[in-house]
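Biologist: Hello! I would like to learn how the terms used for a protein fold are decided. Could we look at one together?

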Amino acid sequence: MATDYLAEPADLAAWLPVGEDDPKLLAALKAASRRFRGAVRHPVTFMAGDVVTLDGTGRESVLLPAAPVTAVASLLLDGEELTEGVDFTWSTDGFLRRTGRCWPDRLRCIEVSYSHGWDPVPEDIQEVVVDHARAMYRVQPGVQTIQAGGESITYGAQAAVGVTAQWSAAVERYQLNRGDRA
């Protein structure tokens, strides 16, 4: 699977009258994947060795910007390497907890190399991305109703601009940093 897509092009093509290499199909799948990543605020797919610089909070815990965390390779505090299990611990949910003390209240003082994300992408994410891409593929921007002879097709507001309840539930389930960051 290409890392740009959160679902397989073949899964979307099964719903549409085009092949999995159709440019419009691929564009819709890429756009739906980007929208999901934007809504949950993390890449979703597995990334090994991602390096981030974090601000200290003055508290016992800081939150990494992506999850699930699968490994923490290294953590530097003001350039000095800390030891996992002695100086800090981490959780799959992305929390870094300082052992017996607090992180300093300073900007850009923590550098973490870690691995995170899913491989494979969870099936419920794949399903909502395919559904959203299918709606994007079929909708002609600005068109509510198409009529030809005795047949007409009307696109509802959800298909044109909105999201389904299933999409909203998946975003809620996988979203990070709710309310703690802009």
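Modeller: Happily! Let us begin with one pair: Leu75 has Val112 in E7 as its bridge partner. Please keep in mind that this is a predicted model.

Biologist: What makes E3 and E7 paired strands?

Modeller: Two strands pair if there are at least two bridges between them. Strand E3, residues 69-77, is joined to E7 by seven bridges. Seven meets the cut-off of at least two, so E3 and E7 count as paired. Their directions are antiparallel.

Biologist: Which other strands belong with them, and in what order?

Modeller: The open sheet has four strands, ordered E1-E7-E3-E4, with antiparallel pairing. E1 is joined to strand E7 (residues 110-116) by six bridges. One of the partnerships there is Thr53 with Glu111 in E7. E3 and E4 are paired over two bridges, and at least two is what pairing needs, so E3 and E4 qualify. Leu77 has its bridge partner, Glu80, in E4.

Biologist: Why are E1 and E4 called edge strands?

Modeller: Count the partners. Strand E1 (47-54) and strand E4 (80-81) each have a single partner strand, so each has one side without a neighbour in the sheet.

Biologist: What is special about Asp78 in the hairpin of E3 and E4?

Modeller: Asp78 has a positive phi near 50°. The hairpin has two residues between its strands. Most residues other than glycine have a negative phi.

Biologist: What is the strand order in the sheet of three strands?

Modeller: That open sheet has the order E2-E6-E5, again with antiparallel pairing. Its edges are strand E2 (61-63) and strand E5 (88-90), each of which pairs on one side only. From one strand to the next, the twist averages 20°.

Biologist: What makes E6 a partner of E2 and of E5?

Modeller: Bridges again! E2 and E6 are joined by three bridges, and E5 pairs with strand E6 (residues 95-98) over three bridges. Leu96 in E6 stands opposite Val62, and Trp90 also stands opposite Leu96. Thr89 has Arg97 in E6 as its bridge partner. The faces of E6 can be told apart too: Leu96 and Arg98 are on the covered face, while Phe95 and Arg97 are on the uncovered one.

Biologist: How do you know that H3 has the length expected of a helix?

Modeller: We compare two values. Helix H3 (residues 123-138) has 16 residues, which should span 22 Å at 1.5 Å a residue. The C-alpha atoms at its ends are 23 Å apart, and that agrees. Ten of the names to look for in the model are the buried ones in H3: Ile125, Gln126, Val128, Val129, Val130, His132, Ala133, Arg134, Ala135 and Tyr137.

Biologist: Why is Val44 called buried?

Modeller: Buried means under 20% relative accessible area. Val44 has 1% relative accessibility, so Val44 counts as buried. Val44 lies in the loop between helix H2 (23-40) and E1, and has a positive phi of about 75° although it is not a glycine.

Biologist: Is Arg108 buried or exposed, and what decides that?

Modeller: Exposed means over 50%. The relative accessibility of Arg108 is 62%, so Arg108 counts as exposed. Look for Arg108 in the loop between E6 and E7. Its phi is also positive, near 55°.

Biologist: Which residues does a cis peptide bond join, and what is omega there?

Modeller: One joins Ala67 and Pro68, with omega about -5°. Another joins Asp119 and Pro120, with omega about 5°. Pro68 is in the loop between E2 and E3, and Pro120 is in the loop between E7 and H3. Most peptide bonds are trans.

Biologist: And for the protein as a whole, how many helices and strands are there?

Modeller: There are five helices and nine strands. Of the 182 residues in the protein, 38% are buried.

Notes:
Residues are numbered from 1 along each chain as its sequence is written. This is a predicted model: local features need pLDDT of at least 70, side-chain atom pairs count only at pLDDT 80 or more; totals for chains, interfaces and linings use all residues. Side-chain values use heavy atoms; hydrogens and water are left out. Axes are lines fitted to C-alpha atoms, for helices over the stretch in contact, and angles run from 0 to 180 degrees between N-to-C directions. The expected span of a helix is 1.5 Å times one less than its number of residues. Buried means under 20% relative accessible area, exposed over 50%, partly exposed in between (1.4 Å probe, protein chains only).
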